[in-house]
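Here are my notes for you, written as numbered points. Have the structure open while you read, and look for each residue as it comes up.

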Amino acid sequence: MKTVNEMSLSFPSKSCNEAFARSVAAAFIMNLDPTINELSDIKTAVSEAVTNCIVHGYRRSNGTIYIKGRITDTNKVIIKIRDKGCGIENIEKAMEPLYTTAPEEERAGLGFAVMQSFCDKVKVKSRVSEGTTVTLEKTIARQDV
């Protein structure tokens, strides 16, 4: 697979920047002419990953969220969302539906399940006290005109 476009950005871990991240991801894939559903899927998955960085990674403290996006010649969109927060002790457990480390904030524990339902592939790498990287992959179907 050859990379045909890429981007990177970083921003403070403030909840107001979740909408910014969604908008950037949407703008980045627009030249692929995604369907409304494909666009919504990417935006929702990015939103969930960024929210996880803010709520769980940095636990509402100050930090930076990093996003790298890549589009391949096969219309595969690969978006990596990374924090340098507390990390995840047990990734398998964290990815279980309804599991949350922030029940006091009335979190449903569905973030990873939502990401998985909207993407072709979700990978999570994490180290305690070093941070977490979530990689989202989704192929955008070519729209024959």
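1. Which side chain meets D41 in a salt bridge? Before the reply, bear in mind that this is a predicted model. The partner is K138, with 3.3 Å from N to O. Side chains of opposite charge can pair when their charged atoms come close. D41 belongs to helix α2, which covers residues 36–57, while K138 belongs to strand β5, residues 131–139. That puts the two 97 residues apart, so the pair links distant parts of the chain. Try colouring by accessibility here: D41 is buried, and K138 is buried as well.

2. Now go to E137, in the same strand as K138. The side chain of E137 meets that of K76 in a salt bridge, at 3.5 Å from N to O. K76 sits in strand β3 (residues 76–83) and E137 in strand β5, so this pair ties together parts that are 61 residues apart in sequence. Are these two residues buried or exposed? Both E137 and K76 are buried.

3. E137 has another partner to look at. K123 and E137 also meet through their side chains in a salt bridge, again with 3.5 Å from N to O. K123 lies in strand β4, residues 121–127, and E137 in β5, so here the parts tied together are 14 residues apart in sequence. How accessible are the two ends? K123 has a relative accessible area of 39%, so it is partly exposed. E137 has a relative accessible area of 10%, so it is buried.

4. Put those last two pairs together and you get a little story. K76, K123 and E137 are linked in a network of salt bridges. How many salt bridges are there by this rule? The count comes to three.

5. Let's spend a moment on helix α2. Does its length add up? With 1.5 Å a residue, the 22 residues of α2 should span 32 Å, and the C-alpha atoms at its ends are 30 Å apart, which agrees. Of its 22 residues, 16 are buried, so α2 is largely enclosed by the rest of the structure. V50 is found in this helix. V50 counts as buried because its relative accessibility is 0%, and the cut-off for buried is under 20%. From V50 you can also hop to K80: their C-alpha atoms are separated by 10 Å, with the two positions 30 residues apart along the chain.

6. Next, have a look at the backbone. Most residues other than glycine have a negative phi, and most peptide bonds are trans. With that in mind, check D33, which is not a glycine and yet has a positive phi of about 55°. D33 lies in the loop between α1 (17–29) and α2. Its relative accessibility is 43%, so D33 counts as partly exposed.

7. There are further spots like this to check. Just after α2, R59 takes a positive phi of about 50°. S129 is not a glycine either, and has a positive phi of about 70°. Where does S129 lie? You will find S129 in the loop between β4 and β5. At 61% relative accessibility, S129 counts as exposed.

8. Last, turn to the surface. Which residues form a positive surface patch? They are K68, K80, R82, K84 and K125. R82 belongs to strand β3, and K125 to strand β4. With a relative accessible area of 31%, R82 is partly exposed, whereas K125 counts as exposed, at 65% relative accessibility. Although K125 and R82 are 43 residues apart along the chain, their C-alpha atoms are separated by 9.4 Å.

Note on methods: Residues are numbered from 1 along each chain as its sequence is written. This is a predicted model: local features need pLDDT of at least 70, side-chain atom pairs count only at pLDDT 80 or more; totals for chains, interfaces and linings use all residues. Side-chain values use heavy atoms; hydrogens and water are left out. A salt bridge is a side-chain nitrogen of Lys or Arg within 4 Å of a carboxyl oxygen of Asp or Glu. Helices (H or I, at least four residues) and strands (E, at least two) are DSSP runs, numbered from the N terminus. Buried means under 20% relative accessible area, exposed over 50%, partly exposed in between (1.4 Å probe, protein chains only). The expected span of a helix is 1.5 Å times one less than its number of residues. Patches are made of residues with over 30% relative accessible area and no salt bridge: like charges are joined within 9 Å, nonpolar side chains (Val, Leu, Ile, Met, Phe, Trp, Tyr) within 5 Å. Accessible areas come from the Shrake-Rupley method with a 1.4 Å probe; for residues, only the protein chains shown count as cover. Lys and Arg count as positive and Asp and Glu as negative; His and the chain ends are not counted. The place of a charge is taken as NZ of Lys, CZ of Arg, CG of Asp or CD of Glu.
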